[in-house]
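User: I would like to learn how to read the packing of helices and the setting of a single residue in a model. Could you take me through some cases?

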Amino acid sequence: MPQLTRRGLAAATAVLLGATALTACGSSDSGGEAGAGSGPVKLTYWAWAPGMDKVAALWNAEHPDIQVTVQKQASGDDLVTKIITAAKAHKGPDLVQAEYQALPTLVSNDALADIAGEVKGVEKRFAPGIWQQTTFGGDAVYALPQDSGPLMFFYRQDLFKQYGLTVPTTWDEFAETARALKKKDPKKALTTFSANDSGLFAGLAQQAGAAWWTFEGEKWKVGIDDAATRKVTDFWGGLVAEGAIDNQPMYTPAWNKALNTGEQLAWVSAVWAPGTLTTAAPDTKGKWAMAPLPQWTAGANATGSWGGSSTAVTSDSKNKAAAARFATWLNTDPEALAALVKESGIYPAATAAQTSGALAKAPDYFANQPDFYTRAAAIAKTTAPAAWGPNVNVAYTAFKDEFGKAAKARSGFPAALAKVQATTVTDLEKQGFGVAK
């Protein structure tokens, strides 16, 4: 992804908020100037992860001079809108938890501060592909990585053995495994293609080398219908069309039943999958195993990501150095990272934390694979860079609509991808963004 700057982002992304959105919100106490005799610096932190107040309490107990108050927020687009609105009114908090794909929009709206000077040397604590999502490939640092969701391949170890299947290491092998299973038992499916969570497809495209939003001069260029994403689309669409895999959406009662009864033998998911499987397929505990994501080229070593967030310091903060200190502690200190795992249930982005502390032991659901987190950490280091833009929400909604119809019809996947591309470009232009053709 080309190097981006705040000036270039602002020039290319004039995000327009309606007058009705510019209502006052945020904390009236967003951290005043700390002076002699004024007492401790007081910071506010907007976050949605559970238990974040308990993690902050550890900091507060050890840092009486800098006290952090966590204010629980909704996640997703609602929080992005709230942050932008607060920034326009100069009533933002000091820190925010922000998903990686939201950062370009927040930076272009001048909602986040560049904290590169306050976090020197921190870069080495994270995988390059994760760090890039907070810097856009430039020198500025707009957030610190907090958690990540590297993609992996989860499969029923017992059923693979029963049907004589080998864990695929390439996507070609994956397709052959799906076909082989269908021949042996037509009632079984290796997995399903689901259109109800755009993040998974984005991660698969990321692994293939896709760059959905890039920057040309002072304009955005949309590449959702690029060669890498077309390859991913053709692959999964082809398997659905021939009936080699299922076409039902994830997270439904039918999907849960398919996993729990062994009607589906595998799931391409992220490192947080054990938590979902615990609920969706409780009867299969101890029967699953995890392996690296299949590769497009034999011998390659890359994965995509599904989910993840960062900790950013806002432009409104009057105590940016103190806020950056807390953000650094939160995402690099061993005690803080262990607490994030325990209290918030996240998979930390900091590489050192991925095999220590609370992650030293495999999830109970995967007790049969004691090296679960050791393998996960190795996979996480291979996360490919991601290229996000200012209207991810529009692209994701279009994906659900268009690919949902294609999956149901078992056809029309290339046309669906072209429609997502067109919808995203049209929205950028409608909102007044500069768009390169």
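**Reading helix packing**

Analyst: H9 passes H16 in a right-handed crossing, a crossing being right-handed if the near helix is turned clockwise from the far one by less than a right angle, and left-handed if anticlockwise. This is a predicted model, in which local features need pLDDT of at least 70 and side-chain atom pairs count only at pLDDT 80 or more, while totals for chains, interfaces and linings use all residues. Residues are numbered from 1 along each chain as its sequence is written, and side-chain values use heavy atoms, with hydrogens and water left out.

User: At what angle do helix H9 and helix H16 pack?

Analyst: Axes are lines fitted to C-alpha atoms, for helices over the stretch in contact, and angles run from 0 to 180 degrees between N-to-C directions. Helix H9 (residues 227–241) and helix H16 (residues 413–430) pack at about 140 degrees, with their axes 9 Å apart.

User: Which residues of H9 and H16 make the contact?

Analyst: Contact means heavy atoms within 4.5 Å; here H9 contributes Thr229, Arg230, Thr233, Asp234, Gly237 and Val240, and H16 contributes Phe413, Pro414 and Leu417.

User: Is serine 356 buried or exposed?

Analyst: Buried means under 20% relative accessible area and exposed over 50%, with partly exposed in between (1.4 Å probe, protein chains only). Serine 356 has a relative accessible area of 36%, so this residue is partly exposed. Serine 356 lies in the loop between helix H13 (334–344) and helix H14 (372–380), helices being DSSP runs of H or I of at least four residues, numbered from the N terminus.

Definitions and conventions:
Helix = DSSP H or I, 4+ residues; strand = E, 2+ residues; numbered from the N terminus.
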